Amino acid sequence: MNTWDVVIVGAGAAGLFCAGMAGQRGLKVLVIDHSDKVAEKVRISGGGRCNFTNRLLDPTAPQKHFISQNPNFCRSALSRYTPQDFIALVQKHGIAFHEKHKGQLFCDHSAEDIIRMLLAECDAGGVTLRTSCSVKTVRHLDGGGYELDTPQGLLQTRSLVVATGGLSIPKIGATGWGYELATQFGLRLVERRPGLVPLTFDGGAWAPYAQLAGLALPVGIETGEKKNRMHFDEDLLFTHRGLSGPAVLQISSYWQDGTPIRLNLAPEVNLPERLQEAKLRSKKLLGNELASLVPSRLAEAWVGQDPALQRSCSEVPDKALNKLAEALSNWSLTPTGSEGYKKAEVTLGGVDTRDVSSQTMESKQAGLYFIGEVMDVTGWLGGYNFQWAWASAHACAQALPIQTAVT
C-alpha cells in the first residue's frame with residue numbers, strides 16, 4: 001500500500017506548483033497524471049514561450065479580469081500570491097522574460113524554462129511524480145482520507161488535490177475526470193463551454209470574407225447590451241471559417257449563442273468624415289482611397305459587394321458612403337458557433353465555487369481540494385489563467401494539513 005500526505009491528480013501548471021510548495025513544507029507528496037508528459041498546456045502556451053502571468057492584474061478587483069458566477073471568489077488567493085510573487089520565483093531560477101503587450105509576460109527562450117522551474121521546485125520538495133498513471137476509482141475512507149485505484153497500485157492519502165484542468169485541447173490529454181469526481185462527492189458544477197476560442201460563421205454567409213483569411217488588424221470588439229456589454233481593443237484575425245485573434249478570443253468568453261458581436265474595423269479613423277473628405281477632393285476610385293484607411297484586402301472585400309462603391313469617390317452617393325462607413329465601423333454579425341474545445345484555450349464553468357473555500361481551496365467534501373482551471377474561474381487572455389493556477393495552488397499548498405501519512 002502506497003501512503004501519502006497528499007496525492008495531486010494532474011501534472012499541469014497548478015498541480016506541479018502546488019506539489020512543489022507542499023513538498024517544501026514537509027509533506028509527503030505524490031503527483032500522478034494519465035498522460036506520459038507533464039505540463040503539456042504550459043509547453044504549447046504563448047506560441048511555445050508561455051505567457052506565464054500578467055503584471056497588470058489587480059488583486060483588489062479580480063472580477064475585472066476573471067469570469068465566474070462568483071468573480072469575487074478568486075480575490076483571496078490572487079491577493080495572497082501575486083504576479084510579483086511569481087515573477088520573483090522566475091527571476092530566482094534565472095529565467096529571462098519580457099513584456100509583450102498589456103502587461104503580458106513571456107519567456108525569452110521557451111516555455112520549457114517554466115516547466116523545468118516547476119520540476120525543480122518539486123525536486124526541492126522531494127515530490128514523487130508518476131506519469132501514465134490514471135485513476136480508476138476514488139473512495140472516501142471512514143477514518144478520513146482517500147483510497148485510489150490506479151494501474152500502478154492502490155494509493156492512500158489524507159488529502160486529495162484535483163488539478164486536472166478543463167476540457168480544452170483534448171489532443172494533449174484534457175478530460176472531464178475532475179468534474180466527474182466532483183459529482184461523485186455531491187459537489188455542484190457550473191455548465192461548461194469553450195472559452196478563449198475562435199468563432200465561426202455559416203459557410204454561405206461567410207463566403208465574401210473567407211478570402212480575407214490570414215488578414216490581421218487592430219479592432220474594437222464588443223458584445224452584450226447595457227450593463228452586460230463587454231468591449232476589448234485587440235487584434236483581429238480572419239480565418240477561412242470565421243474570426244480569431246486576441247480580440248475574438250477575449251470576446252468569446254462573454255459571447256452567448258444567438259447574439260451578435262460588433263466590430264469597429266477602423267477604430268482609429270473617423271470613417272464618415274474621412275470618406276466625405278475624399279469625395280470632395282479625390283478623383284481616385286473609392287476602393288483606392290479606402291485602402292489608405294484600412295488594409296487593402298479589407299477595402300477590396302467591402303467595395304466588391306456593392307456596385308455603387310465601384311467608382312470614383314466623387315461619384316459615390318452619400319447614402320452609399322455612409323452605409324460603407326457604418327458597415328466598417330459598426331459591423332454587427334452573429335456567429336453560428338465556435339471552433340469548440342479542440343481550439344479553445346480554456347474551459348468556462350466547472351466546479352461551483354459555492355462548494356469550495358476561497359481561503360484553502362478545500363471543498364465541502366473534507367480533504368478534497370480543487371485548484372486551477374477545473375474550477376468555475378476563468379481569466380482573460382494574457383497570462384491571467386496561469387496566475388490563477390499559481391495563486392490557487394499556493395492557497396491550497398499552504399492550507400494542506402501537516403501530519404503523518406495514512407497508515
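Me: On a 1 Å grid over the protein atoms alone, a cavity is a set of points where a 1.4 Å probe fits but cannot get out. How much space lies in the largest cavity?
Reply: This is a predicted model, where local features need pLDDT of at least 70, side-chain atom pairs count only at pLDDT 80 or more, and totals for chains, interfaces and linings use all residues. Residues are numbered from 1 along each chain as its sequence is written, and side-chain values use heavy atoms, without hydrogens and water. The count comes to 1 cavity of 30 Å³ or more. A volume is the space filled by probe spheres set on the points, which are joined across faces, edges and corners, and for the largest cavity that space is about 40 Å³.

Me: Which helix gives the most to the lining of the largest cavity?
Reply: Lining residues have an atom within 4 Å of a point. Here they are Arg-274, Leu-275, Ala-278, Arg-281, Glu-289, Ser-292 and Leu-293. Helices are DSSP runs of H or I with at least four residues, strands are runs of E with at least two, and both are numbered from the N terminus. The helix that gives the most, with 4 residues, spans residues 271-281 and is α9.

Me: How many residues in the lining of the largest cavity are charged?
Reply: Asp, Glu, Lys and Arg count as charged; Ala, Val, Leu, Ile, Met, Phe, Trp, Tyr, Cys and Pro as nonpolar; the others, Gly among them, as polar. By class, this lining has 3 nonpolar residues and 1 polar residue. Its charged residues number 3.

Me: Which strand gives the most to the lining of the second largest pocket?
Reply: A pocket is an open set of points with protein on both sides within 12 Å along at least five of seven lines. The second largest has a volume of about 620 Å³. β4 (66-67), β11 (189-195), β18 (337-338) and β19 (346-351) each supply at least two of its lining residues. The most, 4 residues, come from β11.

Me: How many residues line the second largest pocket?
Reply: Ile-67, Arg-193, Ser-253, Gln-256 and Leu-348 are the lining residues that lie nearest its centre. By class, the lining has 11 nonpolar, 10 polar and 5 charged residues. The number of lining residues is 26.

Me: Is His-65 buried or exposed?
Reply: His-65 is found in the loop between β3 (51-54) and β4. Its C-alpha atom is separated by 20 Å from that of Val-356, 291 residues apart along the chain. Buried means under 20% relative accessible area, exposed over 50%, and partly exposed in between, with a 1.4 Å probe and protein chains only. At 9%, His-65 is buried.

Me: How many of the 12 residues of α1 are buried?
Reply: Helix α1 covers residues 13-24. Its buried residues include Ala-13, Leu-16, Phe-17, Cys-18 and Met-21. The helix is largely enclosed by the rest of the structure, because the buried residues number 11.

Me: What phi does Gly-26 have?
Reply: Gly-26 follows α1. Its phi is positive, near 105°.

Me: How many aromatic pairs are there?
Reply: Rings of Phe, Tyr and Trp (its six-membered ring) pair if their centres lie within 6.5 Å; planes under 30 degrees apart count as stacked, over 60 as edge-to-face and the rest as tilted. By this rule the count is 21.

Me: Where does Trp-390 lie, which pairs with Phe-17?
Reply: Phe-17 and Trp-390 form an edge-to-face pair, 5.3 Å centre to centre with 70° between the planes. The pair links distant parts of the chain, 373 residues apart. Both residues are buried. Phe-17 is in helix α1, while Trp-390 (in residues 384-399) is in helix α13.

Me: Which residues do ring pairs link into a cluster with Phe-17?
Reply: Trp-390 is one of them. The others are Phe-52, Tyr-81, Phe-86, Phe-97 and Phe-386.

Me: Why does the pair of Phe-232 and Tyr-254 count as tilted?
Reply: Phe-232 lies in strand β14 (residues 230-238) and Tyr-254 in the loop between α8 (245-252) and β16 (261-264), so the pair ties together parts 22 residues apart in sequence. Phe-232 is buried at 6% relative accessible area, whereas Tyr-254 is partly exposed at 21%. The ring centres are 6.1 Å apart, and the pair is tilted because the planes are at 45°.

Me: What phi does Cys-50 have, although it is not a glycine?
Reply: Most residues other than glycine have a negative phi. Cys-50 sits in the loop between α2 (40-44) and β3. It is buried, at 0% relative accessible area. Its phi is positive, about 60°.

Me: What phi does Lys-102 have?
Reply: Lys-102 is found in the loop between β5 (97-101) and β6 (104-107). It is partly exposed, at 41% relative accessibility. Lys-102 is not a glycine, yet its phi is positive, about 50°.
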